[in-house]
Amino acid sequence: MNGRRLHRVLLGLYPPPWRRRYGEELLALLAERGSGWRDVPNLLLGAVDAWITARPRPQPLMAVPLAAIPPAELPAAVPESALRKKPAGHGIVALEPPEGVMSRRRFMRRMLLAGTALLSLEFVGGTINFLWPQLRAGLGAKFEVGTLADVLAQEPNFAKGWPYAFNPAHVFLVNVPAAMELALGNDVSMPNPAAGDLLALWRKCPHLGCLVPAPCDSVTRYQCRCHRSTYNILGEKMHEGPAERGLDRFAVTIERSGMIVIDTGQITRGEPNRGPDALTFRDPHAW
């Protein structure tokens, strides 16, 4: 259904006297503005308002020349001499529309107020939705990663120390003992780390929030693509790059069922960059 047909359908919801007086003018105005579905709420509100304010219309007054009215039937406040000065053929001029008929100015004012109220409601609703904490799907939620078998099925090299990128939570799940052996150049296989040996590194660079990619093959370090901030395999800040601290991390637990759960509501800030002597792990590459 195109916009003009839709407008005619909605116009049918208005009272018949209203349609006869304003219908064609309203359709012409909507066609000139190129309106469409976005005007449906305003037109519906206008129809409700038109029915609420509709009243029985009085019979229109006939314009009667004053000269044809007998002097005895005129109000006493009108002197007879004044009647002779009035040109014949002129009746009573109405300055306001008949009772029950809405003026064009009043109609446009009500349509403007209805549109403003609708936009204000949308703005308030959107603001509340934006500010309300989305704890079930974003930061602050608990994510079920899967069992260790599920992780190894997705990333077989997880047992050898390569991080597993879990995209729903934007983290690297790190098998800490195997990862340190990998960074030292040792070929190991540790497929069953305990919960205390797992590390969930947030892939958000502390500098400007860029997404940190997987570690490079040559030195097994993370390096942000935006400004080259570099971190070792455990997310500790190295010398290169403007970031002032290491990668933040989330709490990791393993349930009795073997399910690995990452709680993004528990954040541990990365340690500040205090030099090579403050690192908990040192790989064989240059600081």
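Trainee: In which helix does V124 lie?

Mentor: The model is predicted: local features need pLDDT of at least 70 and side-chain atom pairs pLDDT 80 or more, while totals for chains, interfaces and linings use all residues. Residues are numbered from 1 along each chain as its sequence is written, and side-chain values use heavy atoms, without hydrogens and water. Secondary structure follows DSSP runs numbered from the N terminus, helices (H or I) having at least four residues and strands (E) at least two. On that numbering, V124 belongs to helix 5.

Trainee: What is the relative accessible area of V124?

Mentor: Buried means under 20% relative accessible area, exposed over 50%, and partly exposed in between (1.4 Å probe, protein chains only). V124 falls in the partly exposed class, with a value of 44%.

Trainee: Which residues of helix 3 are buried?

Mentor: Helix 3 covers residues 40-53. Its buried residues fall within an arc of 160° when seen down the axis, taking the directions from the axis to the C-beta atoms, so they line one face of the helix. These residues are V40, N42, L43, G46, A47 and A50.

Trainee: Which residues does M111 touch, not counting residues up to four places away in sequence?

Mentor: M111 sits in helix 5, residues 104-131, and is buried at 17% relative accessible area. Its C-alpha atom is 6.6 Å from that of N42, although 69 residues separate the two in sequence. With contact taken as heavy atoms within 4.5 Å, the residues that M111 touches under this condition are N42, L43 and G46.

Trainee: How many residues apart are R110 and D49, the pair that links helix 5 and helix 3?

Mentor: The side chains of R110 and D49 meet in a salt bridge at 2.6 Å, N to O, the rule being a side-chain nitrogen of Lys or Arg within 4 Å of a carboxyl oxygen of Asp or Glu. R110 in helix 5 and D49 in helix 3 thereby link distant parts of the chain. Both are partly exposed, R110 at 25% and D49 at 23%. Their separation along the sequence is 61 residues.

Trainee: Are D248 and R245 buried or exposed?

Mentor: The side chains of D248 and R245 meet in a salt bridge, with an N to O distance of 2.3 Å. For comparison, E240 and R228 form a salt bridge at 3.2 Å, where E240 is partly exposed at 38% and R228 is partly exposed at 45%. D248 and R245, however, are both buried.

Trainee: What is the phi of T220?

Mentor: Most residues other than glycine have a negative phi. T220 is found in the loop between strand 4 (198-202) and strand 5 (222-223), and it counts as buried at 5% relative accessibility. Its phi is positive although T220 is not a glycine, with a value near 45°.

Trainee: Where is H170 found?

Mentor: H170 also has a positive phi, of about 55°, and is not a glycine. With a relative accessible area of 45%, H170 is partly exposed. Its place is the loop between strand 2 (164-166) and strand 3 (171-175).

Trainee: What percentage of the contacts in the chain with a separation of 6 or more do residues 24 or more positions apart account for?

Mentor: The chain has seven helices and eight strands. Of its 287 residues, 33% are buried, and six salt bridges are counted. Among contacts with a separation of 6 or more, the share from residues 24 or more positions apart is 58%.

Methods:
The expected span of a helix is 1.5 Å times one less than its number of residues.
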